[in-house]
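Trainee: I'd like a close look at just one part of this model, the aromatic side chains. Please start with a single ring and work outwards from there.

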Amino acid sequence: MAAAAGETQLYAKVSSKLKGHSRPSLLDPLLALGFPAHTALKALAATGRKTVEEASTWLHCHGNDPTLDDPIPQEYALFLCPTGPLLERLEEFWRESKRQCTKNRAHEVFPHVTLCEFFTCEDQKVERLYEALKRAGDRVLASFPATVPLVLHSSASYLGFFISDGPADTLREFATAFSTEAAVLADCSVKPCAKQLHLTLAHKFYPHHQRTLEQLARAIHPGQPCQWTAALFSRDMRFVHYQTLRALFQYRPQNADELLLSPGDYIFVDPTQQDEASEGWAIGTSQRTGCRGFLPENYTERASEADTWVKHRTYTFSLAMDLNSRKDGEAGGRRDGEFHPATPRSISSVQALQAVISRRSVLVIRHGERVDQVFGKSWLQQCSTPDGKYYRPDLNFPRCLPSRSGGLKGFELDPPLSSCGSFQARLAGDSLLDSGVRITAVFSSPALRCVQTARHILEELKLEKTVKIRIEPGIFEWTKWEASKASPSFMALAELREAGFSVDPDYRSLPWACASVKKTQRKGSGSWPAHP
């Protein structure tokens, strides 16, 4: 009863704070669904207070979150973000600097100018921060500079644009106004950035990359058209110094202490707490569910710190607006979580300007268990009759072997999968089927074990009749496992087709790939043709 009375009192305080707002409360539908007030407010804060559906989904996903009832607020920060052509050039710099000079600390976050450092705000007071942002923006709108001059600065460990004193003073006035309003409306202690305002391009990079980064930076041309947007972001304060991983594939836990992974999930991993994890595994906390457990590292990739941040509200300063329209007092509005000053035409948000790029992925799959790794290099002698025929001495030997020129001797340096290896390949295909991955092309080494693995996977995916295996000699790695110095002889394409493998007869291998295995090719129908 006491807990229920406390939640009712909390809800009453929140409701009174929101009275007078034209927007319908997002909290009421969540309470009607039976969620407690404190967890409903937590879900709204964690999802940016956008829709009831997002908050409800968050609550359902966090049903087993052991910290769901803990009063841990989000951390918030206020950034000034470029949009339009300038943002496009900055993103191009981000891509090229990462490609040419590897990743540095600047790649962890999107292009921005920090106006207010991270601070905390209680979940029930977050909406008051939005009002503080709007009031601060309206206060400096008339004096906001038509252009924000950016001056390139470079040192041994930093590269970025500094903002000139005049425009910087206006931005500091805006940050100070937000800090004051946030303290009054939301009881938040907000510290405006005391350093010289800057937009970082690269930070903590290798010294020998400085010249290349400077050349890329000079191509940005900071005077390009830009509409600046003040954006309020939040992050989970518990995982500030953790590494962030992104799940690439679905993983279903095999034990109670393992995490369920879905493609796109973010996992927070503390590098200092990995002693309990075996090699190839990590211990982390899922952002989607809040649960902690073990996960296979090869199912993930490193993600950027800001990938898990949540954008709440923005205030867009229109640089295209003429002063007369400002004085006319046309009513500004709030659309899609953004505060827009009065303008002759609507201003798109940062998110709308950033194109969503669909990503193609390459799945690299190693072959299943090969028979010679189980029974040794003399495996062929164990399964050969005196007259040179194959028989199955053990259940882990394959049921039969395909016909090939040279007879059984041809398998000595080109061994097949064991029975367990075939089972492993089928499991891999079954896992891919469950994950929903769409396979459009399959390339395989000419080694029989690899072709067999590809066939089993395609069979489990129900694609064996529609997707043909492209034999590519360039991806064959034989020097690691083969004890003999002789190059292995592979089955010809005609032999593979005769054995029931759906190989692509029209695929043309790369010239360098063919040259690297020149000794393994045979003339006639069995050779792998190269590009002319």
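**Starting from one ring**

Mentor: Trp94 is buried, because its relative accessible area is 11%, under the 20% cut-off. Keep in mind as we go that this is a predicted model. Its neighbour in this story, Phe93, is buried too, at a relative accessible area of 3%.

Now for how rings sit against each other. A pair of aromatic rings is described by the distance of the centres and the angle of the planes. Searching the whole structure turns up 22 aromatic pairs. For Phe93 and Trp94, the ring centres are 6.2 Å apart and the planes meet at 70°, so this pair is edge-to-face. The cut-off behind that label is a plane angle over 60 degrees.

Next, take Phe144 and Phe317. Their ring centres lie 4.1 Å apart and their planes are at 5°, so they count as stacked. The two come from distant parts of the chain: Phe144 is in the loop between α6 (126-140) and β3, while Phe317 is in the loop between β12 (310-316) and α9 (323-327), and 173 residues separate them. Both Phe144 and Phe317 are buried. That long reach is worth setting beside the whole chain: among its contacts with a separation of 6 or more, 72% are between residues 24 or more positions apart.

Rings also join up in a group. Phe79, Phe110, Phe118, Phe233 and Trp309 are linked into a cluster by ring pairs.

Some rings have a charge for company instead. The charged end of Arg404 sits over the ring of Phe411, at 4.7 Å from the ring centre. Likewise, Arg455 lies over the face of Phe501, 4.1 Å from the centre of that ring.

Since Phe144 sits in the loop between α6 and β3, let's follow the chain into the strands. Strand β3 (residues 150-154) runs antiparallel to β4, and 5 bridges join the two. A hairpin of 3 residues connects β3 to β4. If you want a spot to click on, Leu150 stands opposite Ile163 in β4. Strand β4 (residues 158-163) is mostly covered, with 5 of its 6 residues buried. It also pairs with strand β5 (residues 198-203), again in the antiparallel sense and over 5 bridges. There, Leu159 stands opposite Ala202 in β5.

Carry on from β5 and you come to Lys204, which is in the loop between β5 and α8. Lys204 has a positive phi of about 55° although it is not a glycine. With a relative accessible area of 54%, Lys204 is exposed. There's another lysine like that elsewhere: Lys462 has a positive phi of about 65°, and it isn't a glycine either. Lys462 is found in the loop between α14 (448-460) and β16 (469-471), and its 61% relative accessibility makes it exposed.

Back to α8 (residues 210-218), where the strands come into view again. Leu213, Glu214, Leu216 and Ala217 are buried in this helix. Looking down the axis of α8, those buried residues fall within an arc of 165°, so they line one face of the helix. Arg211, Gln215 and Arg218, on the other side of α8, are exposed. What covers the buried residues of α8? The cover includes α5 (84-101), β3, β4 and β5.

One more stop, on strand β1 (residues 74-81), which holds Gln74. At 13% relative accessibility, Gln74 counts as buried. Leaving out residues up to four places away in sequence, Gln74 touches several others, among them Phe119, Cys121, Ser234 and Arg235.

To put all this in the setting of the full model, the chain has 16 helices and 16 strands. Of its 532 residues, 46% are buried. So when you rotate the model, begin at Trp94, which is buried at 11% relative accessible area. Then find the stacked rings of Phe144 and Phe317, with centres 4.1 Å apart, and finish at α8, with its buried residues on one face.

Methods. Residues numbered from 1 in each chain as written. Predicted model: local features only at pLDDT ≥ 70, side-chain atom pairs only at ≥ 80, totals over all residues. Heavy atoms only, no water. Buried < 20%, exposed > 50% of the residue type's maximum accessible area, 1.4 Å probe, protein only. Helix = DSSP H or I, 4+ residues; strand = E, 2+ residues; numbered from the N terminus. Pairing = 2+ DSSP bridges. Phe/Tyr/Trp six-rings, centres within 6.5 Å; stacked < 30°, edge-to-face > 60°. Lys NZ or Arg CZ within 6 Å of the ring centre and 35° of its normal. Contact = heavy atoms within 4.5 Å. Arc of directions from axis to C-beta.
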